Amino acid sequence: MADTDKPLLIKRYASRRLYNTETSDYVTLEDIAVFIREGREVQIVDLKSGDDLTRQYLLQIIAEHESRGENVLPVGVLTDLVRSYTSQAASVVPQFLQASFDMLREGQSKAMENMGKANPMANMPGFEAMRAQQEAFFKAMTGGMMPGTSAPEPESDDLGEIKDQLAALQEKLSKLTK
């Protein structure tokens, strides 16, 4: 079993192919994106020079997703990022972005925790199913980046589980309204 506390080491060969040192096979950018969504830290290094290429490849993954219409970064934010490279803001932007993402993850985690606390609906039949659906929704929206949650399961399993939970919730609600 892999030590998930250490970054997954990916080596880039002269042919530009990417090699996963844990599984001893070649990987694609999409494979690397999946590792990251599952919560793994990844480090990509050039085999010959030893240069760290992680930032370059992460930016490439983001650019590919954005070019496919999976727009997460509004044009205004992208414009401001470009401006920050040529201004005094370049020194504070990285810290600001990191703090913003940390707050987002913390807020989502606390929202999930508080969903069951001090909620008068918590004792209502079917509440757990509804809470699980909301958690699955948050995971889907954040790409599984909420701390304290397991890596996202394959979509087909999640979808089947959500359908089952929704059916059970609808059945309980129909019994309550009769």
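1. Helices (H or I, at least four residues) and strands (E, at least two) are taken here as DSSP runs, numbered from the N terminus. The model is a predicted one, in which local features need pLDDT of at least 70 and side-chain atom pairs count only at pLDDT 80 or more, while totals for chains, interfaces and linings use all residues. Residues are numbered from 1 along each chain as its sequence is written, and side-chain values use heavy atoms, with hydrogens and water left out.

2. On the overall fold, the chain holds 6 helices and 4 strands, arranged along the sequence as β-β-β-α-β-α-α-α-α-α. Of the contacts (heavy atoms within 4.5 Å) with a separation of 6 or more, 47% join residues 24 or more positions apart.

3. On exposure, 21% of the 178 residues are buried, where buried means under 20% relative accessible area, exposed over 50%, and partly exposed in between (1.4 Å probe, protein chains only). The accessible surface of the chain, from the Shrake-Rupley method with a 1.4 Å probe and, for residues, only the protein chains shown counted as cover, comes to about 12700 Å², and carbon and sulfur atoms account for 58% of that area.

4. The largest nonpolar core, a set of buried Ala, Val, Leu, Ile, Met, Phe, Trp, Tyr and Cys residues joined through side-chain atoms within 4.5 Å, has 13 residues, and those with the most contacts inside it are I10, L18, V27, I32, V42, I44 and Y57. Two or more residues are given to this core by each of β1, α1, β4 and α2, with the largest share, 4 residues, coming from α1. Leaving aside neighbours within four places in sequence, L18 is in contact with I10, K11, R12, D25, Y26, V27, L29, I32, I44 and Y57.

5. Helix α2 (residues 54-67) has 14 residues and spans 20 Å from its first C-alpha to its last, close to the 20 Å expected at 1.5 Å times one less than the number of residues. Its buried residues are T54, Y57, I61, H65 and E66, and these pack against β1 (8-12), β2 (18-20), α1 (29-37) and β4 (42-46). After α2 comes G69, with a positive phi near 90 degrees.

6. Which residues make the nonpolar surface patch of about 380 Å²? The patch is made by F96, L97, F101 and L104; L97 lies in helix α4 (residues 93-114) and counts as partly exposed because its relative accessibility is 34%.

Technical notes
Patches are made of residues with over 30% relative accessible area and no salt bridge: like charges are joined within 9 Å, nonpolar side chains (Val, Leu, Ile, Met, Phe, Trp, Tyr) within 5 Å. A salt bridge is a side-chain nitrogen of Lys or Arg within 4 Å of a carboxyl oxygen of Asp or Glu.
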